[in-house]
Amino acid sequence: KKITVTNLVATVAQASQTEIEGQSDVNTYAPPDLLRKAPSATKAHALVDGAGARQTGYYNVSGAAQDDLGRYTVTWDVDFADALYTMIACVNETTACGTAVTDRGGNATTAGKVATYNNEEPHVLADLPFYVTAWGDQ
């Protein structure tokens with residue numbers, strides 16, 4: 001027997017941002033412009049110098065500034081959906097020795113908080129360059 005198939009068309013739908021962020025079990029594809037919305041994708045990253053200036057090679061970081069206590073506020077280009085996103089920061093060890101700490105309680109949808117400390121006794125706030133990365137829903 002011979003089977004002939006004509007005019008066979010398959011349609012695949014594009015996933016929405018909600019489906020990607022929610023990891024929905026649907027038969028769709030994630031388009032390249034929305035891959036950055038996947039839960040595992042980094043939503044922001046930057047190198048910030050000790051004065052709070054954003055360096056080249058950043059993504060979704062509009063700037064950083066120090067407050068009167070020496071803590072940095074890192075501002076996002078695209079806001080997060082809520083303040084429950086994850087931030088990791090580390091001191092740039094090639095130029096300084098210290099520790100970077102993120103303050104989840106100080107996070108807002110528009111910005112996150114980072115403090116850098118020296119590694120000497122006593123541990124005090126220090127103007128140290130740091131890398132920062134963030135993940136979460138936007």
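In the predicted model, Asn60 is buried, with a relative accessible area of 7%. The residue is placed in the loop that runs between strand E3 (44-48) and strand E4 (61-66). A polar atom of the Asn60 side chain lies 2.6 Å from the backbone nitrogen of Val78. Val78 also appears among the contacts of Asn60 beyond four places in sequence, together with Lys43, Ala44, Thr75, Trp76, Asp77 and Gln138.

The loop between E3 and E4 also holds Ala53. With a relative accessible area of 34%, Ala53 is partly exposed, because this value falls between the limits of 20% for buried and 50% for exposed residues. Beyond its neighbours within four places in sequence, Ala53 is in contact with Leu47 and Val48. Thr86 stands 33 residues from Ala53 along the chain, and the C-alpha atoms of these two residues are separated by 22 Å. Elsewhere in the model, Arg54 is positioned over the face of Tyr58, at a distance of 3.7 Å from the ring centre.

The largest nonpolar core comprises 20 residues, of which Val74, Trp76, Met87, Val114, Phe130, Val132 and Ala134 touch the most other members. At least two residues of this core are supplied by each of E3, E4, strand E5 (72-76), strand E6 (86-91) and strand E9 (130-135). For Phe130, the contacts outside the four nearest places in sequence include Ala46, Leu47 and Val48. Phe130 is likewise in contact with Tyr72 and Val74, with Ala89, Cys90, Val91 and Asn92, and with Ala100, Val114 and Thr116.

Trp76, one of the core residues that touch the most other members, also takes part in aromatic pairing. The count of aromatic pairs in the structure comes to four. In one of these, the ring centres of Trp76 and Phe80 are 5.5 Å apart and the ring planes meet at 75°, so the arrangement is edge-to-face. The pair formed by Trp76 and Tyr85 is edge-to-face as well, because its planes stand at 85°, with the ring centres 5.9 Å apart. Ring pairs thus link Trp76, Phe80 and Tyr85 into a cluster. Each member of the cluster is buried: the relative accessibility is 4% for Trp76 and 3% for Phe80, while Tyr85 has a relative accessible area of 2%. Trp76 is, in addition, among the residues in contact with Asn60.

A search of the whole structure identifies one salt bridge. This interaction joins the side chains of Arg71 and Asp67, with an N to O distance of 3.2 Å. Both partners count as partly exposed, with a relative accessibility of 32% for Arg71 and 24% for Asp67. The value for Asp67 places this residue outside the buried class, because that class requires a relative accessible area under 20%.

Note on methods: Residues are numbered from 1 along each chain as its sequence is written. This is a predicted model: local features need pLDDT of at least 70, side-chain atom pairs count only at pLDDT 80 or more; totals for chains, interfaces and linings use all residues. Side-chain values use heavy atoms; hydrogens and water are left out. Helices (H or I, at least four residues) and strands (E, at least two) are DSSP runs, numbered from the N terminus. Buried means under 20% relative accessible area, exposed over 50%, partly exposed in between (1.4 Å probe, protein chains only). A polar contact is a pair of N or O atoms within 3.5 Å; within protein, one must be able to donate a hydrogen and the other to accept it, and residues adjacent in sequence count only if both atoms are side-chain atoms. Contact means heavy atoms within 4.5 Å. A salt bridge is a side-chain nitrogen of Lys or Arg within 4 Å of a carboxyl oxygen of Asp or Glu. A nonpolar core is a set of buried Ala, Val, Leu, Ile, Met, Phe, Trp, Tyr and Cys residues joined through side-chain atoms within 4.5 Å. Rings of Phe, Tyr and Trp (its six-membered ring) pair if their centres lie within 6.5 Å; planes under 30 degrees apart count as stacked, over 60 as edge-to-face and the rest as tilted. A charge sits over a ring if NZ of Lys or CZ of Arg is within 6 Å of the ring centre and within 35 degrees of the ring normal.
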